[in-house]
Structures are given as C-alpha cells and as structure tokens.
Amino acid sequence: MKSKKHGFLKFLAVITVLFCFAAKGYSKEPYKIGAIFSVTGPASFLGEPEKNTALMLMDQINKAGGINGHPLEIIVEDSKSAEADAVLAAKKLLEKDNVLAIVGPSTTGESMALVPVMNNAKTPLVSCAAGYPITNPVNERYWIFKTPQYDVSAVEAIYTHMKKHGITKVGIVTIATGFGDAGRKALLDTAPKFGITIVADERYGAKDSDMTTQLTKIKAAGAQAVINWSVGPGQVVITKNWHDLKLGIPLYQSHGWGSKKNIELAGKAAEGVIAPLGRLVVWDKLPDKHPQKALLKKYESDYKARYKGEPGTFGGHAYDAVMMVVEALKKVGPDKAKIRDYIEKNIKKWPGTGGIFNMSEKDHCGLDMTAFEMVTVKNGDWEILK
Amino acid sequence: MGKTNFFVLICLGVLVLLFPLVISDSYNLTIGVFAGVNALLALGLCVLMGFAGQASLGQAGFYGIGAYISAILSIKYGLPVALSMVIAAIVSGISAIMIAVPALRLRGHYLAVATLGFGEIVYVLLNELGPGGPSGFGDIPHLNLFGYIFKSSLSNFYLVWCFVLLVIIFSFNLVNSRIGRAMKAIHDSEVASNAMGLDVAALKIKVFILSAIYASFAGSFYAHFVTFLSPSTFSLFQSILILMMVILGGASNLWGAILGAIIITILPEALRKFEELDVLVYGIILTLSLLFMRKGIVPLIIDKLKVEKKHA
Amino acid sequence: MLTVLMQFLFSGITVGAVYALVGLGFNIIYNATSIINLAQGEFVVLGGLLMWFFTESVKLPFFLSVILTLLSAGLIGLLMERLTIRPLRGAELLVMIMITVAVSIVLRGLIMFKFGKDPYGYEPFTSGEPLMIFGAVIQQQVLWVLGITLSLIFLVYLFFNKTMLGKAMSACAVNPLAAKLVGINVSKMIMISFVLSAILGAVGGIAITPISLMEYDKGPALAVKGFCAAIMGGLGQGMGAVVGGFIIGILESLTAGYIHSGFKDAVALVIMLAILVFKPSGIFGSKSVMQVRKF
C-alpha cells in the first residue's frame, strides 16, 4: 500500500512539474514597446491612425503567436500634441512600464523634446514625425530613428517635377503650424538648388475659412505655380479657392494631400492637383512586382476592415516603426542596445509603407525622394504621373 | 500671517519635504514639478483677483514671456539662467505696466477682456516670431546655481516648491500689510477707497505687476525644466485653466489657489484612461464644480468647519 | 489693382459676416444677462455640423434640414440656459463667464464624440460658376452668406424695436428691476436670449460651411473674434457688433493682403485693445450707457 501511495504522489509531482513547464511555454514574458501618439489635440489627424495601426498590429502579431512565443504589448500614451505631455508620457513608459523601445511621437516638436530623454535612458526611439533635425546631426542621435520621409524629400520631388516642366517662379502658401512651418523652411532652403525663385511667401491659420487673398497675391507676384503646404481642411479650402479664382497656374500640394477625403470634399476643384505621395494611397496603380505592393494592399484592407476608414500615409509611419522594432525583437531579443544596432545596421532594402528603407550609421531615416510617386487627380481618382 | 495660516504653511512645507521620499519615481515627481509651476500661476492670479478684485484672462501671456525670454537669453546670449529668469520677470513686469495703465481705467470685466486680448497677442507673436515658430525650440539649459545643475525631477521639485513657499509667505505678508488692507478696501468699494485718499489706480497696477512676475517665474521654471518650448503651451486655454484653478480652489484664498493648481495638474493624469473623452470628462467635472461648489473648495471646507465649530 | 482690392474685400466681408452673427449673439445675451457667453462659437459649429447631418447623413430636403438644425440649436441654447445659467443666478459675474467656458468645453467634447475630428462639408445652396464682380471672383455661396446675414440682422432689428417681446427684452437690459415691476418675466427673457443667440450662431454655421468646411474645434477662434466685434461696436449696442464684425473681417483680409498674412489673427485683438484704450464704450456706445451696465 505504501509504495502505491508513494507512486501516486510521485506521479502527481511529475505531472505538476511538467504542467509548470508547459504553462511557462504559453506565458512567456511579454515584450513591451511604448507608443506615444498625438491622439488628441491639433495633431490628432496623425495620432489617431497611428494609434489604430499600432493596436491592430499588436493584435495580429499576438494572434499569430507573438514574437518567438512572447506576447507583444504595445502601451499607447496620448501626448495631446503637447511636448510637455510627450516628455511625461515617455518618462512613464520608461520608468513605470520599462519598455524596450518607444514608437512615435507624431510631431517633430514632440520628437525633439524626447531626444535628450531617450538618449539619457539609452532606449531606442522610432519617431513617426518628419522633421530633419530629429535624426540630424546623426552623431548626436545615436538612439533616435524615424520612419516618415523628410519634408525636404517631398520638396525635392516637387521641384524635380517643376524643373522638368520649365517652372522657375513659384509662390508658396503654408499653414501656420509645425507641419506648415517645416515645409516652408524646406521649400525656401531647397529652391536655389533647383534654380527656382520663390516670388511669394504667404501664410494662413489652421482655422481660416478663405485664402483667396493669399492666392491672389501669389498670382499677382508672377508665380508660374503654387505650392500649398498643409494638412487638414486648409488643403481643401485652398484647392476650392484656386479653382474658383481660375488662377491658371498648377497647384501642388504637400504629401499631406494623400487622402481620398480631400478629393471628396474638394469635388471637381481637385482635378489636376499634383502632389508627391507615399505609395500607400496609390498601391493599386503600382505594377504587381513592386516590392511594396503586397504589404500596402494588406495593410490598407486590414485597417479598413477593422476601423472603417483609410489609414492614410500617416498611419503607415506607425506601421513601419512598429514592424522595424518587432523585427529587431525577433532577431535579437529584448535588449535595448541590440535592438538599436539591428535597426541601424540591418534595415536595408526594407519595404515599408513609406518607401524602401535603407538605414545606416549616417542616415537614421532611410528614405529619400524616391519614396514618393508624383500623383495627380484625374476623374476623382489618383493617377501616377509618368 | 495668523496662527492657522502659519500652521498650514508648516504642514505644506513638511509635505513638500517628505513627498519625494515617499514617491520617488521620476514620473510622479515630474507631475509634482508641474503642480508647483501651476501653483505659482494660480497664486499670481489669486492675489490679483482675490485681493484686488481684478480678473485676468491673459496670465498665459506672462507665463509665455517668462518662459521664452528666459530661454532665449540663456541660449542666444549665454547668460546664466538665474539672471535670465530675473530679466524675464522684469520684462513681464514692464509688459504688465503697459497694459495696466490704460486698461485699469476700465471697469471689471472690460479689464478681463483687455487681458484676454493681451494673452492672445502674445500667443500670436510667439507663433510668428518665436524661435522655431509653431514648432518651438529646444536645447534650453537647466538652471545652474553655484555649480549645481537642476536637471532631475527631484531637484526641480524642491526648487519650484521652495519658491512657491517663499511666494506664499511673501503674499501673506502683503495681504496683511497696509498695502494688502488697502487692496481689500478697493475690492469692497473703489469709490470709498478713493474718497479716503488711497491711490486706487497705483495699487491696482502694483498688484498686476506682481501677478505678472509670479507667472513669469513659473514660465522660466517650466522652460529650464522641460528644456523645450512651443507656443501651444501658452494659449488662451492655458489662461482659462489658470482661472479655473483659482475659482475651483477658492478665489479669495491663497491655499485655495494651491489646491486648485494641484487638482488641475493631476486631473488630466487621472483622466488618461478616458483617452479622447478626457476633454469631455474634464469639461463636465468643471461644469459640475462650478454649479455646486461656487465659492471654491477651500472656502466651502472652511464654512463647513465653521458650522461644525458652532455646533460643537 | 482694383481687382485685387475687390478680391480682398469680398474675402473679408465673407468671414466678417460670420463674425457679425457671432457678435450679435454675444450682444443679445449680454443685453439680457450681462454675461459674456464664451460658448457662442460652438453654436456656429453646431449649425454647420447638424446641417451636414440632416442633409448628407439623414438625407432630408434642404429646407427641412435648415429648420431642424435651427430648432436643435435653439434647444441646445435653451438647455444651456436652464441647466447651467439659471442655477447660477446671483453668482459672481466671473463665475458666470467661467461656466460658459466650461459649457463650451463640454459641447466641444460632445461634438467630437459624435462627429469626430474630420472636416465636413456640403453643397452650396445654389450650384454654378462663381460670378465676376468688378473683376473679383465671387463664389455664389458668398452672396448667400451676405444676403442671409443682412436679412437676419434686419429681422433682429425689427424684433427688438417693433415687437412687444423684443421691446420687453430691451427693457430687461436697461433695468431688470423696473422691467419686473411692469410685469415682464425677466427669466423668460433670459431664456429667449440664449435661444435666439444659438439660432443666430447656427445660421452662420449653416451658411459658411459650403465655403470653408466645418470641424469640431472651430468654435473658440470664432468666439474670440465675434467677441472683439461686439466690443468694437460697443457691448450692448446690438447693431454695433454687426459693423464691428464686418470691419474686423475686412481689416484681417487687408492685413493679409497688403502687409503680412502671418499677423492676420492679431488684427481683431489689436483693434479690440485699441478700442478699449481709447473708447471703451465702443464705436456706437456712450459713456453713460457703459456706467449703467453691470459689466
């Protein structure tokens, strides 16, 4: 009898131990990534799709078994488009949640505010904002990367197109926000390299309802083309004003133009507007062999199925940032320095939504002018210009 | 200062001393720093409103001037931060005089409107002419006093709150001094005060300058702590927030201002879980507080205590 | 040169019309209650968004949508008065102003909850090519905005000066105690003032949305500018706000056109400050009137 009892107990012990091992296999330590987006505030048109994308990817990855069996946890914080809040959110993520990396923030201002914080915490930051100073000078941005194309690259794409069409005198009109400001600076600084003269430099506010004054001035100054740099309804108002005034000179928009909603709201006024856009909005017009086509198609249809709206190029920046960190985690595990090294050294010829990335020691952005397609609006739809 | 107030001051001082020992993580201490900055802003407005009966919807303007001037002086001209802060305060004071002299001829809320205009104009100027425009600028140096650099949340927490305590002591002395009593008199009746020989206008201007200086230092502390500035921090909404702090806590009571500041600072953090709806919840809480706690929290508590004392 | 000037002028009076309506709304409430209703701008937003809702989402015919929008706006104004203003009667004026700020935050939050942050638009009232007036290109909708605004202002003028109800409201403004003594129901007048202001704001929103689209957070900027218009015209001088609104709109446009578009937003504020310094009672106000007012 005694031996039987002992035998049963031993059996129980073995089963218990085995069970613990098995359970451990299903409940590995989660990999925590922080995300700071401008979900509310003036930049929420950036932050909302970015947050949605991050959460969608988290679910998809976890449904597929996580990262090497580890569940992925993306902790999203809202910076309310304010730098101080971004700093606060970063501190929380770094100190309370002990995240391995941070994705975001959505704006250049907030990203700049985080540079010292991330450098001090020796934790990688993959920003979803476009400003040049975020990743330059590169030797002071050891831990900082970004996924959106540089504003300068979009400007270069526009100027290249203009040069091809013999345009040398340009009027610019920009919105008085961080986005517009960065664009304006890039437009002014890059113009001489392409032999372009800026004959008019106008501005407008985010909530303005009529820009006919600015456009009239631009035409009167002798511009051969107009460039508008903004996101939000300002783009639509400018387009309608441009159309009504029959300015007779082409209207170029920034890469913020890439949303079907803009065409919808502007109606027939949008015909002929030209812009450098990320390939996400025109993936269906790409040749099938294009390395970005398949992932763009999947991203857009997944996003639409889950959120019933377009992700837009801005959501795509979060996609690229998250996927880069996830890939690094897969390959090198939960080590901040190794993740940083991986992103810098191994993200090469890497197809993302923003373009094909080539990160390096000298370039923590990885994209240039070729990330854009020059697109025009024809019959209410996008058309890639040859 | 009065026995009760002295007692509360000591309590507050002890709290300030002990807080970082209990809550030592950088994140919560950072909130503590912001609470201190807001306390300075609220104190400035409280002195103006509660004791001189003047409203201001433009405190964010002085806040912004204090932040930007101090930051620009220390970056562009390499001045020591402490000196920059003082110069910024002087600039704020001068701006206050420039508005106060014409505007204080106006009655009650015409003054509030003038201050609103001032705050908005400062905002537009910061947006247009400030370094980096709407995107703001960074790389602002930390305060360096006798070789010690105030970099961490801990050091800044003590720095700001010690300043707050000093300002409280100064403000109480002001309230109980001849000037303070004169201010109270004005609040009750300007006509009578004038008849008694008080230079009402001059006193109002002085109080206005003082509130501007408090706000200016708040801005400077903010700038040299966060090391990054952008105009969006100094919008009309910020002025409204400061006003809410004072009204919520109790406009006639310095402690009310501090309590209001702490509540308004913590509220967004507590509301983080509501995400986008937090603004709505914020608005609802404020509406309900105004509807049901009109005089402000601290006076309400004081009244309740008085009633209890009577019945005791 | 004339063409360019005309273009600037029309741009200015278009946006000035909306400022005028907002300013008029401010005055009506101020007249009845001495309160500055800083939620005034949200009614413009509501007008535009609700109109979109009825015409594009529910797909109702134009006139029915207009009526429903105005009724809804009026109802919201009524609720605001009953729930947040009435209970605070007798409180300090600053608290009253603060509650309107709190209400504007709540309204904005609710609007954002229902409509999100996207811009919304709908077709102009008449379709067709823009007109050429003195060489300036004018969208047809601009004429609608002007026409509606001016008609409405005329109606409001008639209301206050020719109808019993309107005259009763004016009486409340001048001396509430005396008004009560002659049997005027002051609290009813206050309620009507809020409803009327809400409707005025909503009309502005309905008319301007086809031109400039509408989003949830356009309210505060409009409120500030409309308020400057009211101060310019003289707080409490109903029609003064209208003149103020148009002047601000035109000066903004001219500043953007001839000086520098970056400083456009400061124009309204600078004018307001100048008025406060040199003639606080406004263009049409008088010193004595200003003293009588509790403001």
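These numbered points go through chain A, its charged pairs, the aromatic pairs and the contact between chains B and C.

1. The model is predicted, and local features are reported only at pLDDT of at least 70. Side-chain atom pairs count only at pLDDT 80 or more.

2. Start with chain A. The chain has 12 helices and 14 strands. Its C-alpha atoms fill a box of roughly 105 × 40 × 35 Å along the principal axes. Of its 386 residues, 59% count as buried. Take the contacts in chain A between residues at least 6 apart in sequence: 67% of them join residues at least 24 apart.

3. Salt bridges come next. Over all chains there are 24. Two examples sit within helices of chain A. Lys185(A) bridges to Asp189(A), with the closest N and O atoms 3.1 Å apart. Both belong to helix α6 (residues 178–190) of chain A; they are four residues apart, so about one helical turn separates them. Lys185(A) is exposed, at 55% relative accessibility. Asp189(A) is partly exposed, at 47%.

4. The other example is in helix α10 (residues 293–307) of chain A, where Lys298(A) and Asp302(A) are four residues apart, about one turn. Their side chains meet at 2.8 Å, N to O. Lys298(A) is partly exposed, with a relative accessible area of 48%. Asp302(A) is also partly exposed, at 21%; the cut-off for buried is under 20%.

5. Chain A also holds a salt-bridge network. Its members are Lys260(A), Asp284(A), Lys285(A) and Asp381(A).

6. Lys261(A) deserves a separate point. This residue forms a salt bridge with Asp118(C), the closest N and O atoms being 3.6 Å apart. The pair crosses between chains: Lys261(A) is in helix α9 (residues 260–266) of chain A, and Asp118(C) is in the loop between α4 and β1 of chain C. Both ends are partly exposed, Lys261(A) at 28% and Asp118(C) at 38%. The charged end of Lys261(A) also sits over the ring of Tyr120(C), 5.4 Å from its centre.

7. Another charge over a ring is found within chain A. Arg340(A) lies over the face of Tyr142(A), at 3.6 Å from the ring centre.

8. Now the aromatic pairs, of which the structure holds 36 over all chains. Tyr68(B) and Phe234(B) pair edge-to-face, 6.1 Å centre to centre, with 75 degrees between the planes. Tyr68(B) is in helix α3 (residues 59–76) of chain B, and Phe234(B) is in the loop between β4 (228–229) and α10 (236–249), so the pair ties together parts 166 residues apart in sequence. Both residues are buried. They also belong to a cluster linked by ring pairs, together with Phe34(B), Tyr63(B), Phe137(B), Tyr222(B) and Phe225(B).

9. Chain C offers an edge-to-face pair too: Phe125(C) and Trp144(C), 5.8 Å centre to centre and 65 degrees between the planes. Phe125(C) is in the loop between α4 (93–115) and β1 (131–133), whereas Trp144(C) is in helix α5 (residues 140–162), 19 residues apart. Trp144(C) is partly exposed, at 36%.

10. What holds for the interface of chain B and chain C? The two chains bury about 3500 Å² between them, 82% of it on carbon and sulfur atoms. Zero salt bridges are found across this interface. Residue pairs in polar contact, both at pLDDT 80 or more, also number zero. On the chain B side, α5 (108–129), α10 and α12 (278–292) each give two or more residues. The largest share, 13 residues, comes from α5(B). In total, 36 residues of chain B are in contact with 42 residues of chain C.

How values were computed. Residues are numbered from 1 along each chain as its sequence is written. Chains are lettered from A and ligands numbered from 1 in the order in which they are written. Side-chain values use heavy atoms; hydrogens and water are left out. Rings of Phe, Tyr and Trp (its six-membered ring) pair if their centres lie within 6.5 Å; planes under 30 degrees apart count as stacked, over 60 as edge-to-face and the rest as tilted. Buried means under 20% relative accessible area, exposed over 50%, partly exposed in between (1.4 Å probe, protein chains only). A charge sits over a ring if NZ of Lys or CZ of Arg is within 6 Å of the ring centre and within 35 degrees of the ring normal. Contact means heavy atoms within 4.5 Å. Buried area is the accessible area (1.4 Å probe) that two parts lose on being put together, summed over both. A salt bridge is a side-chain nitrogen of Lys or Arg within 4 Å of a carboxyl oxygen of Asp or Glu. A polar contact is a pair of N or O atoms within 3.5 Å; within protein, one must be able to donate a hydrogen and the other to accept it, and residues adjacent in sequence count only if both atoms are side-chain atoms.
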